Structure formats: C-alpha cells, structure tokens
Amino acid sequence: MPKDSRPPSSPRPMRADARRNYERILAAAADAVAEHGAEASLEEVARRAGVGSATLHRHFPSRQLLLEAVFRDKVEVLCVTAGDLAADPDPAHALTAWLRAVAAHAVSNRGLAASLMRGARDGDPALGATCHAMIVDAGTGLLVRARRAKAVRPDVSIIDLLKLVNAICLAVERESDGAAQADRLLGLALDGVYPGRGKAGDARDARSATE
C-alpha cells in the first residue's frame, strides 16, 4: 500500500486566550528591554504581562527565543520603513534616513542585538539569523540604489554600515540622551561614506556658515 503523500497538517492555531497571552508577553518584553536592556528579568516580564512564569515559559522556553521574537517584530518595522523609503527620489537621503531608523531602534532596545549574537555563538547558530538576513536584505536594496546614483562610495557594503550603526549605539546606549547622540555621531560618520564629502565637504560647510 503506497505511503500517504499528503503534506503534514499545519500546526493548530492558538486559542484566543493563548494568543492574547502571547501578545501581552511580547509587548511586556519589549517594554522591559527598552528600560532595562536584554538582561531584563523574565519574572518582571511575566508580571507586566499579567501571566504566570509557567505561561511565559510555555510560549518561550528560553530567554533567547523571547528576545528573538521581540527583535523580529522590530526588524519587520525596519523592513517596512526600507520599503517606504525606496520611493524617495534621493537615494542618499533614503539610505541615511533608514540607517538613522536602525540606530534609533538599536538604542531603544538596549543590548538586544548583542544578546542575540551571543546566543547564536553559544548555542543555536540559527538564533537571530533570520532577523539578520531580513535587515541585511532591506538595507541592501537602499544601498544598491545609492550606488547606482553614485551617491555612495562603491567600496561600502551594507554590513559595513550596520556594524557602524551598532558600534555607535553600543557607545551611547547607557547615556540619557543616547538616541540624540547616536543620530549626531552617525551623521558625522556618514560623511566618510558619501563621495565628495569629508574635508571638501567640511570646507563647503564652513564657507556656507560664514556667508
């Protein structure tokens, strides 16, 4: 008798109450990470969500899985932002605006990306990989547009730019005005990314300031 060739059935959808608990846990975790960083207490997350620790662990058996779920939600927002900016007629402005959005995201979710990277190194190598691929793909489209317009140096990669953003955000994440500092430092750093800037650009800016 031939084997049943039907595809396996899809996972059962969550019950309404389970879905509400899942969404409350995610929202509470996002708030806790924004306030306390990626080491935020899981007990605090459960308390904020109004669920017991057993319910939290049923949905997210490990801290890393919870962090990835929070991170993925934020990354999806950044992907939508990249898609919206792809319609900007100025490719350099679009790329800069997106990188600033990435920086704001990284500062508001203190230690989240670093914690996911640590989890990927120490345990499951796939942990965080999907989110990483999503954000790289989103930024690559904007960078390619900027390259075609000769609005960005040809030797710059999206990985270079994301590392630059992460380094800046790590440097200021404990500052009270970290978001403003990150935005300013990113603006300074990007002067070296776009052609025709740097010393020549500084000279033009200085002349403009005195006119």
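**Close-up views of a predicted all-helical model**

**View A. The largest nonpolar core of the predicted model.** This core holds 37 residues, and those that touch the most other members are Leu95, Trp98, Leu99, Ile135 and Leu161. At least two core residues come from each of helix H4 (63–85), helix H5 (91–108), helix H7 (129–148), helix H8 (158–172) and helix H9 (178–190), and among the contributions to this core that of H5, with nine residues, is the largest share.

**View B. The surroundings of Ile135, one of the residues that touch the most other members of the largest core.** When neighbours within four places in sequence are left aside, Ile135 is in contact with Val75, Leu78, Trp98, Val102 and Leu162. Trp98, which appears in this set of partners, is likewise listed with Ile135 among the residues touching the most other members of the core.

**View C. A second nonpolar core, separate from the largest one.** This second core comprises 17 residues, among them Leu26, Ala46, Val51 and Val70.

**View D. The segment annotated in UniProt as "DNA-binding region".** The annotation, which comes from an unreviewed UniProt entry, covers residues 41–60. Over these residues of the predicted model the chain is 75% helix and 0% strand, and the C-alpha atoms at the two ends of the segment lie 14 Å apart.

**View E. The largest cavity and its lining.** A search of the whole structure finds one cavity of 30 Å³ or more, and the space in the largest cavity amounts to about 60 Å³. Its lining is made up of Ala29, Val33, Ala38, Ala40, Leu42, Val45, Arg63, Leu66 and Leu67. Two or more of the lining residues are given by each of helix H1 (16–36), helix H2 (42–49) and H4, with H4 giving the most, three residues. Sorted by class, the lining has eight nonpolar residues, no polar residues and one charged residue.

**View F. The whole predicted protein, shown as context for the close-ups.** The protein has 10 helices and zero strands, so that, by the DSSP runs used to assign elements, its pattern read along the sequence is α-α-α-α-α-α-α-α-α-α. Of the 211 residues in the protein, 39% are buried. Among contacts between residues at least 6 apart in sequence, 69% join residues that are at least 24 apart.

Technical notes. Residues numbered from 1 in each chain as written. Predicted model: local features only at pLDDT ≥ 70, side-chain atom pairs only at ≥ 80, totals over all residues. Heavy atoms only, no water. Core = buried A, V, L, I, M, F, W, Y, C linked by side-chain atoms within 4.5 Å. Buried < 20%, exposed > 50% of the residue type's maximum accessible area, 1.4 Å probe, protein only. Helix = DSSP H or I, 4+ residues; strand = E, 2+ residues; numbered from the N terminus. Contact = heavy atoms within 4.5 Å. UniProt positions renumbered as here; feature names shortened; annotations may be inferred. 1 Å grid on protein atoms, 1.4 Å probe; cavity = no way out; pocket = protein on both sides within 12 Å on 5 of 7 lines; lining within 4 Å. Points joined across faces, edges and corners; volume = space filled by probe spheres on them. Nonpolar A, V, L, I, M, F, W, Y, C, P; charged D, E, K, R; others polar.
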